[in-house]
Amino acid sequence: MTLQVAPPEVGTSPDVMATAERRRGWLVVAEQESRDLWTSGRGLILLLLFSILLSAVTYLTSTNQALNFLEQRESVNLVLQLAVAVGVLVTLVVSADGISGERERGTLESLLVTPVSRRAIIAGKLIAALTMWFATFIVTIPYVWVLARGVGILGQAMALGLFVGTLVAVGLGSVGLLISGVCNSNKTSIAASLFLLLILFAPTQLPSGLPQGWFFEVLLRANPVASALAYISSMLVEGHSWTEDLSYLITPLLTALIAGGALVFAGPRLLRLTPGVSAG
Amino acid sequence: MTSMTVEAVQLTKHYGARSAVEDVSFEASEGEIVGLLGPNGAGKTTTIRLLTTVLVPTSGGFSIAGHPSTSATNIRRCIGVLPESSGYPAHQTGGEYLRFFARLFGLSRGTARSVAAELLAIVGLEERAESPISTYSRGMRQRLGIARALVNDPVVVFLDEPTLGLDPAGQAQVLDIIRAIAKGRDATVVLSTHLLPEVEEVCSKVVILNRGRVVASGSVGEVISGALIKQSAQLRVPLDLVERARNVLAGFTNLVVDQPAEQRDVLSLVVDRPGSETGPGSGDVMNAALAAITAAGIPVLRFELEGARLSDAFLKVTGEAAL
């Protein structure tokens, strides 16, 4: 038995290769992670469950709309809010598996000994997790189209959902990866992420909304999910302009910036065989 | 001329107050297979993780293919690693898995495809290239892991327990591949294993660790001599020539010759003071004794060496009762 493998990229200088690795590393990781997510069936199952839920909610809202219990704008708002909430949920679940899952499956060490930087690996994982959000958004389009017929808010609703949902998904996807990096096990990471989302999402689902008063207003604005959904609602239901309640987007934006920044800063220390940023 | 590819100098790793590796130093050159031995918890895996930049040393340093430990990316570019108990994505195919890693090393899609196909053929998995890894046996997975370690044509290959859990045929296959890596490509192989007979067979150098420290290193012969293992042998000659044989062997001052009472045609030889600084090693004494017997025209009916295997040295230097 003889091994005669040609050296990679014969004639390419190490510097050029290093640049190519830096440029493409995140893309290669994102591509493979996305393929794993969708071909393993995990992504498709989550998307199927979402579609069933969305179908049921759309049916109920359109029935209520027909009975004049619900205005058309409110129906669109309800379905769009659901899409953002569930899209963010699945993004969080997938990103919460990103580092702790690799550790548990014993596949992390092989990744760590490649020349791709830790930050590029994390960026690739975040992008792959975000494909879950984009997929749920695409599935939502026909449902919103059906509900928004005749009121001329389809374009506005879609643009709003895509922008706000992406902002929240980037923020909470980053939080999911941070949690995954510091958790001892995959189960702990996913449970902690779901618990976090429940805390953030539950206040938005009270039948009468949050009670009035400055305390609850602060609570609403401090919550990236609740304030993002409030922004969607203010535009779609109350007909406000996109600049009128822009302050609602401060928390989602800060969450994305802080969590994303923490990932960039602490990423290399998170992506280790042992959990935590100080492990060594 | 061979060049130095691995140089570890007083490599130390502490986890709080606990020391995992302490002052580990050794060297290896291209084409060399270095056996990293030690009982469980001796620090073999930690040493490999330090040398592969997965862990950062507390103190000490190392260089791989001329790159210092501070240049982690350059080191990763020229090493191949099969980690201990490496996991594999079950739903990926072997080909897809290798193509992914080849691309992580900067190879284009086309080159990654051809390198993956070539490596799969080398490790005997070409027919299963497009089967999911979940359908692979343990031996096939280990071979796939070795193939992955070669996607970047590495200068140094680290294999941590590559034969763990394999049947004898699987072990033999993996050892054949390891030999081929060192001989066919002049790569240095650092091999952590518990299979001492195989280490004796394939390794040109061994480093024995115990409780995080190097307790012996050098060639297999040097380690055995250094462990001051008394080598013994059983020599059977025709009954009427036993006395003549004793007289011949009496010329060897560091050889103790005895005769078991129950076997009158057998002489028991024990090398006294093995591995002494000035005198010859155990193996040399036995060779000389045997040569003297045959030179004296005494037919050798049986000659069996005992007590100077790597496993004896290993047990002595690590103080372990069993592996």
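Begin by selecting strand β3 and strand β9 (residues 205-210) of chain B, which run parallel and are joined by four bridges. Within this pair, B:G35 of β3(B) lies opposite B:V206 in β9(B). The coordinates on display are those of a predicted model.

**The surroundings of β3**

Keep β3(B) selected and add strand β8 (residues 188-192) of chain B; these two strands also pair in the parallel sense, over four bridges. Here B:L36 has B:S192 of β8(B) as its bridge partner.

Is β3 (residues 33-37) of chain B mostly covered or exposed? Five of its five residues are buried. Showing the side chains separates them by direction: B:I33, B:G35 and B:L37 point one way, B:V34 and B:L36 the other. Such alternation between the two faces of a sheet is what a regular strand shows.

**Chain B as a whole**

Zoom out to the entire chain. Its secondary structure consists of 11 helices and 14 strands, and its C-alpha atoms occupy a box of roughly 75 × 45 × 40 Å along the principal axes. Of the 323 residues in chain B, 45% are buried. Taking the contacts in chain B between residues at least 6 apart in sequence, 69% link residues at least 24 apart.

Colour the chain next by domain. The assignment gives domain 1 as 4-88 + 136-225 and domain 2 as 230-307. The centres of domain 1 and domain 2 of chain B, taken over C-alpha atoms, are separated by 38 Å.

**The open antiparallel sheet**

Now select β11, β12, β13 and β14 of chain B. These four strands form an open sheet with antiparallel pairing, in the order β12-β13-β11-β14. At the edges are β12 (255-258) and β14 (302-306) of chain B, each of which pairs on one side only. On average, neighbouring strands of this sheet are turned by 20° against each other, direction ignored.

Inside the sheet, focus on β11 (residues 232-236) and β13 (residues 266-271) of chain B, an antiparallel pair with five bridges. One position to label is B:Q234, which stands opposite B:S268 in β13(B). Then add helix α9 (residues 242-249) of chain B, which packs on the sheet and touches β12 and β13 of chain B. The direction of α9(B) makes about 15° with that of β13(B).

**The side facing chain A**

Display chain A and select the residues at the interface: 38 residues of chain B are in contact with 29 residues of chain A. On the chain B side, the elements that give two or more residues are α2 (72-77), β6 (79-82), α3 (94-104), α4 (109-122) and α6 (168-185). Which element gives the most to this side? It is α6(B), with six residues. Coloured by class, the side of chain B that touches chain A shows 20 nonpolar, 10 polar and eight charged residues.

**Confidence**

Finish by colouring chain B by pLDDT. The average is 88, and 93% of the residues score at least 70. In chain B, confidence is highest in β6(B), at 96, and lowest in helix α8 (residues 220-226), at a mean of 79. For the model, the scores are ipTM 0.85 and pTM 0.84. Where pLDDT is low, the predicted coordinates should not be read in detail.

Methods. Residues numbered from 1 in each chain as written. Chains lettered and ligands numbered in written order. Predicted model: local features only at pLDDT ≥ 70, side-chain atom pairs only at ≥ 80, totals over all residues. Contact = placed C-beta atoms within 7 Å. Nonpolar A, V, L, I, M, F, W, Y, C, P; charged D, E, K, R; others polar. Buried ≥ 20, exposed ≤ 12 C-beta atoms within 10 Å, placed from the backbone. Pairing = 2+ DSSP bridges. Axes fitted to C-alpha atoms, helices over the stretch in contact; angles between N-to-C directions. Domains from an automatic or database assignment. pLDDT = per-residue confidence, 0-100.
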